[in-house]
Amino acid sequence: MSSHENRSQGTMGRRGRGLIAHLFDIDIERVESLSWPLGNRVTVEADANRRFRFDHRRSHRTVTAFEVTNDTCVLRLRTPVGREKFYGISNTDIATKPLRADWIRTD
């Protein structure tokens, strides 16, 4: 019997903060987990400026970056079934091109 766990979990089973840290090649301590209400409020409800979006080639996960202050970016990680998690990260830690081959920039 074969397992498809790695494909369904994004990049080699990474999730949440670990996936964001891996994607931008930063220490996990530099990624701040935000509650859904706060993340939604500062991105969607505040009509934050969208910087870019990365799509994972196999798992259909997306990471969208929003500029919320001069120093801070909020990332929205969306799963294939539409669940969303939000993370705060310094603008200096953001790479506007994917650092991992299995992610592509779509806008």
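These legends accompany close-up views of a predicted model.

**View A. The six-stranded sheet.**
The sheet is open and has six strands. Their order is β1-β5-β4-β3-β2-β6, with antiparallel pairing. β1 (32–34) and β6 (103–105) stand at the edges. Each has a single partner strand, so one side of each is left without a neighbour in the sheet. Neighbouring strands are turned by 30° against each other on average, direction ignored.

**View B. The β1 edge.**
At this edge, β1 pairs with β5. The pairing is antiparallel and runs over three bridges. Leu34 stands opposite Phe86 in β5.

**View C. The β6 edge.**
Here the partner of β6 is strand β2 (residues 49–56). Three bridges join the two strands in the antiparallel sense. Across this pairing, Asp55 faces Ile104 of β6 as its opposite residue.

**View D. Helix α3 on the sheet.**
Helix α3 covers residues 36–45 and packs on the sheet. The helix touches β1, β3 (62–67), β4 (72–78) and β5 (84–90). The direction of α3 makes about 70° with that of β5.

**View E. The β3-β4 hairpin.**
β3 and β4 form a hairpin, with four residues between them. The two strands run antiparallel and are joined by six bridges. Val63 stands opposite Leu77 in β4.

**View F. Surroundings of Thr62.**
Thr62 lies in strand β3. Its relative accessible area is 10%. Residues under 20% count as buried, so Thr62 is buried. Leaving aside residues up to four places away in sequence, Thr62 touches Arg53, Phe54, Asp55, Arg76, Leu77, Arg78 and Trp103. Among these contacts, Asp55 is the residue that stands opposite Ile104 in β6. Another, Leu77, is the β4 residue opposite Val63.

**View G. Strand β4 and its hairpin with β5.**
Five of the seven residues of β4 are buried, so the strand is largely enclosed by the rest of the structure. β4 pairs with β5 over seven bridges, in the antiparallel sense. Leu75 has Tyr87 of β5 as its bridge partner. Leu77 stands opposite Lys85 in β5. Leu77 therefore has an opposite residue in β3, Val63, as well as one in β5, Lys85. The hairpin of β4 and β5 has five residues between the strands. In this hairpin, Gly82 takes a positive phi near 95°.

**View H. The covered helix α2.**
Helix α2 spans residues 16–24 and is mostly covered. Seven of its nine residues are buried. These are Gly16, Leu19, Ile20, Ala21, His22, Leu23 and Phe24. What covers them includes β2, β3, β4, β5 and β6. Just after the helix, Asp25 takes a positive phi of about 55°.

**View I. The aromatic cluster.**
Phe24, Phe52 and Phe54 form one aromatic cluster. Ring centres within 6.5 Å count as a pair, and the count comes to two aromatic pairs. Phe24 is one of the buried residues of α2. Phe54 is also among the residues that Thr62 touches.

Note on methods. Residues numbered from 1 in each chain as written. Predicted model: local features only at pLDDT ≥ 70, side-chain atom pairs only at ≥ 80, totals over all residues. Heavy atoms only, no water. Axes fitted to C-alpha atoms, helices over the stretch in contact; angles between N-to-C directions. Contact = heavy atoms within 4.5 Å. Buried < 20%, exposed > 50% of the residue type's maximum accessible area, 1.4 Å probe, protein only. Phe/Tyr/Trp six-rings, centres within 6.5 Å; stacked < 30°, edge-to-face > 60°.
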